[in-house]
Amino acid sequence: MQFLPPDAQSRSLSLRSNLLRALHPADLALLSPKFEKVQLAPRQVLYQPGDDIRHVYFPCGSTLLSFIIPLENGKDVEAALIGREGALGGIVSHGRLPAYARTVVHFEGPALRLECCELEKAKTQSLTLRQLFARYADCLLAQVFQSVACNATHSIEKRAAKWLLAAMDRTNDPTIAMTQEQLSGMLGVGRSYVARVIRTLKDRRLIDIGYGRFIVLDEEGLRHTACDCNELVNRHFNEVLKGVYPSGSNPSAPEDQALDL
Ligand SMILES: [Zn+2]
């Protein structure tokens with residue numbers, strides 16, 4: 001992880017996080033001096049299960065993180081993708097607690113991080129700050145609930161399409177840097193099965209495959225193929241944190257607009 005010196009840019013970087021952009025300006029001003037800019041590298045592990053959670057990370061721009069649950073059989077299953085709509089580490093809990101999931105960087109990029117104790121201190125000073133993070137915790141829980149239902153019931157094809165769209169919506173880029181092996185790991189299924197599904201999507205000209213990447217050719221067609229799990233989570237975000245969840249119909253949050261909490 002590359003550490004960058006603190007500078008006035010951390011405030012402008014915070015505008016590339018939909019969640020931080022939703023903060024009341026006074027709350028953002030409270031947190032800004034405590035932010036540290038970090039540059040996250042692909043496949044970097046931020047926390048392993050059992051690690052002490054010391055920092056909250058806010059992915060900015062197209063940076064994409066995920067919660068991974070390592071299973072006893074050596075397989076990993078992804079529980080949730082976290083992009084600029086969210087944060088990772090110590091959001092729900094109070095104080096330092098051990099990490100339950102492994103948290104990994106999917107797509108490199110900048111993030112702002114904050115010591116958990118600084119966030120807790122700020123929460124004691126601001127009701128609107130507490131309310132915003134409580135709302136985000138509710139949205140994250142909804143995301144995980146939906147992920148459980150999706151993994152249990154939806155086909156690999158629908159889940160693969162959903163994952164590619166979730167990545168594209170968060171990065172605003174139809175080219176998604178990921179190998180088939182990584183995608184099969186994310187979906188928790190065998191590589192040969194994922195290869196068959198990818199070939200079907202390619203034959204239908206919904207996607208193309210490059211070296212270590214997927215390219216979305218027909219976004220609308222892919223949305224018709226995907227399950228509606230992203231859309232259901234998007235709807236809940238819109239009820240609770242309007243404009244924060246990145247999706248095809250809502251690629252970014254309103255400029256500099258705080259939520260009326
Ligand atoms: Zn689903």
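## The chain as a whole

Among contacts in the protein chain between residues at least 6 apart in sequence, 75% join residues at least 24 apart. What you're looking at is a predicted model, and its protein chain has 10 helices and 11 strands. Of the 261 residues in the protein chain, 39% count as buried.

## The core between two domains

A good place to start is the largest nonpolar core, which has 67 residues. Phe58, Tyr136 and Leu164 are the ones with the most contacts inside this core. Helix H6, covering residues 156-171, gives the most to the core, with 8 residues. Where does this core lie relative to domain 1 (2-126) and domain 2 (155-225)? Both domains give residues to the core, so it lies between them.

Let's zoom in on Leu164 for a moment. Leaving out residues up to four places away in sequence, Leu164 touches Ile176, Ile207, Phe214, Val216 and Leu222.

## H6 meets H8

Now for some helix packing. The axes of H6 and helix H8 (residues 191-203) come within 10 Å, and they cross at roughly 70 degrees. Angles from 65 to 115 degrees count as roughly perpendicular, and therefore H6 and H8 are roughly perpendicular to each other.

Who's doing the touching? On the H6 side you'll find Ile156, Glu157, Ala160 and Ala161, and these meet Tyr193, Val194, Val197, Ile198, Thr200 and Leu201 in H8. Sorted by class, the contact of H6 with H8 has 8 nonpolar residues, 1 polar and 1 charged.

## H7 meets H8

H8 has another partner to look at: helix H7 (residues 180-187) packs with H8 at an angle of about 110 degrees, and their axes are 9 Å apart. H7 and H8 are therefore roughly perpendicular to each other.

Which residues make this contact? From H7 come Gln180, Glu181, Leu183, Ser184 and Leu187, while H8 brings Arg191, Val194, Ala195 and Ile198. By class, the contact of H7 with H8 has 5 nonpolar, 2 polar and 2 charged residues. If Val194 and Ile198 ring a bell, that's fair: these H8 residues also turn up in the list of those meeting H6.

## Two loop residues with positive phi

Time to leave the helices for a couple of loops. Most residues other than glycine have a negative phi. Asn172 has a phi near 55 degrees, a positive value in a residue other than glycine. You'll find Asn172 in the loop between H6 and strand S9 (175-177). Is Asn172 buried or exposed? Asn172 counts as exposed, because there are 12 C-beta neighbours inside 10 Å, and 12 or fewer is the cut-off for that label.

Arg205 is the other one to check out. Phi of Arg205 is near 60 degrees, again a positive value in a residue other than glycine. Arg205 sits in the loop between H8 and strand S10 (207-210). With 10 C-beta neighbours inside 10 Å, Arg205 counts as exposed.

## Leu141 in helix H5

One last stop is Leu141, which has its place in helix H5 (residues 127-153). How many C-beta neighbours does Leu141 have inside 10 Å? There are 13, so Leu141 counts as partly exposed.

Leu141 also makes a handy marker for how the chain folds back on itself in sequence terms: Leu141 and Val233 are 92 residues apart along the chain, and their C-alpha atoms are separated by 9.9 Å.

Terms used: Residues numbered from 1 in each chain as written. Predicted model: local features only at pLDDT ≥ 70, side-chain atom pairs only at ≥ 80, totals over all residues. Core = buried A, V, L, I, M, F, W, Y, C linked by C-beta atoms within 7 Å. Buried ≥ 20, exposed ≤ 12 C-beta atoms within 10 Å, placed from the backbone. Helix = DSSP H or I, 4+ residues; strand = E, 2+ residues; numbered from the N terminus. Domains from an automatic or database assignment. Contact = placed C-beta atoms within 7 Å. Axes fitted to C-alpha atoms, helices over the stretch in contact; angles between N-to-C directions. Parallel < 35°, antiparallel > 145°, perpendicular 65-115°, else oblique. Nonpolar A, V, L, I, M, F, W, Y, C, P; charged D, E, K, R; others polar.
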